Amino acid sequence: MGATGAAGGTLVRILGERAFPASALSLYASARSAGRRVSTHLGDIEVRELSGDALRGADIVFFAAGADTSRRHAPGVADAGGVAVDKSSAYRMDASVPLVVPEVNPAALGRHRGIVANPNCVAIPLTIVLAPLQRAYGLRHVTAATYQAATGAGLGLAGELEAQARDDAAGLAPTAHVYPHVLHGNVVPGGWTMQGDDTEEEVKVIAETRRVLDAPELAMSVTTVRVPVAIGHSAAVWIELEGPADPDAVRVLLRASPGIAVVDDPAAQRYPMPRSVAGSDDVQVGRIRRDPGREHGIALFFSADNLRKGAATNAVQVAELLLRET
Ligand SMILES: NC(=O)c1ccc[n+]([C@@H]2O[C@H](COP(=O)([O-])OP(=O)(O)OC[C@H]3O[C@@H](n4cnc5c(N)ncnc54)[C@H](OP(=O)(O)O)[C@@H]3O)[C@@H](O)[C@H]2O)c1
């Protein structure tokens, strides 16, 4: 579901890259895209608008078409004996639905009852970075400021950013329709729905990170920001640990942790960046150093491809674990 979107389109490509052992694949989107043909590892497939009980009989249904679509159709998939692997926010905080990052809490998958939720595209890389530190040192407080790419808000904002870049280059006034502000040449600390004084994204990152790490009381401070980057979410993170940690030891620990590539030679201008992580499934981590402002503080910076590890790759890994389970 949502096969023509930013996350869904990437998912279809990743199924092919990983030679996902599907015997049949059906692609769905809204009426707008019905009839389009998409190239997949099982050949060209026509996108259809979902009607009736078309999803009945499917073993696995990936949902990447927004929370409303998931709420409407995922329970039917589960009732019919399939598994809905949901990329939307619909079930992430539902206690009866596991919220899974395979590198962090694969055991949670065992409790599924036909729906599995995937965290948001910042919470996935953040938990991959925090989990080894939590195990080795304990976490006392986490502060994060994000730098989130346009594709994180879907193909609509990605297209708008490209048009704004063209307009700016041509000396024309760029316009904003999808987002409240022109993103090109700008940095926007908003654009999400507000929940009180916090953006909905900040609330999600905190709640989902706590849930995946099974640390409901973890103290966290998050500011989410949209930047004029096509692909790749980044974050500056300050972590207060329960005990002392040497940056070199943290580097060794993270280098040995699943899903992480340490890129940390700032003197040689090597550090994580969206341009270098785009197209990869690793979370790049660098700028690892002591935080002089806090006891047992470590500061670092990460970048991850929001469409791959932040969305599609995580969902496909979940499905691969489901296959191993059966
Ligand atoms: N982008 C990311 O980095 C990211 C990361 C994590 C999670 N997600 C989640 O993935 C989902 C999709 O986000 P996106 O960024 O891929 O958005 P997008 O680029 O705007 O794509 C949305 C997709 O959903 C389809 N769709 C929309 N309304 C539908 C409806 N009523 N019935 C059936 N299909 C419908 C669209 O079909 P048409 O082509 O026909 O319009 C399109 O395929 C969201 O729940 C989002 O929270 C996205």
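# A guided tour of the predicted model

Begin with the whole protein chain, which holds eight helices and 14 strands; helices (H or I, at least four residues) and strands (E, at least two) are DSSP runs, numbered from the N terminus. The model is predicted: local features need pLDDT of at least 70, side-chain atom pairs count only at pLDDT 80 or more, and totals for chains, interfaces and linings use all residues. Residues are numbered from 1 along each chain as its sequence is written.

**The whole chain.** The C-alpha trace spans about 60 × 55 × 40 Å along its principal axes. Of the 326 residues, 43% count as buried; a residue is buried if 20 or more other C-beta atoms lie within 10 Å of its own, exposed if 12 or fewer, and partly exposed in between, with C-beta atoms placed from the backbone.

**The ligand.** Next, select the ligand and the 32 residues that surround it, where a residue is near a molecule if its C-beta atom, placed from the backbone, lies within 6 Å of it. The closest are Gly2, Gly5, Ser33, Ser88 and Gly154. Helices H1 (6–17), H2 (67–79), H4 (155–169) and H8 (308–325) each supply at least two residues of this shell, and H1 gives the largest share, three residues. By type, the shell divides into 13 nonpolar, 17 polar and two charged residues; Ala, Val, Leu, Ile, Met, Phe, Trp, Tyr, Cys and Pro count as nonpolar, Asp, Glu, Lys and Arg as charged, and the others, Gly among them, as polar.

**The core.** Now select Leu11, Val129, Val285, Phe302 and Ala315, the residues with the most contacts inside the largest nonpolar core, which has 84 residues. Such a core is a set of buried Ala, Val, Leu, Ile, Met, Phe, Trp, Tyr and Cys residues joined through C-beta atoms within 7 Å. Helix H3 (residues 123–137) contributes the largest share of this core, nine residues. Around Val285, show Val129, Leu254, Ile260, Val262, Pro272, Leu300 and Phe302, which Val285 touches when residues up to four places away in sequence are not counted; two residues are in contact if their C-beta atoms, placed from the backbone, lie within 7 Å.

**Two loop residues.** Finally, go to Ala19, in the loop between H1 and strand S1 (27–29). Ala19 has a positive phi of about 50° although it is not a glycine, and with 8 C-beta neighbours inside 10 Å it counts as exposed. Then move to His296, in the loop between strand S13 (283–290) and strand S14 (297–304). The phi of His296 is also positive, near 55°, and His296 is partly exposed, with 17 other C-beta atoms within 10 Å.
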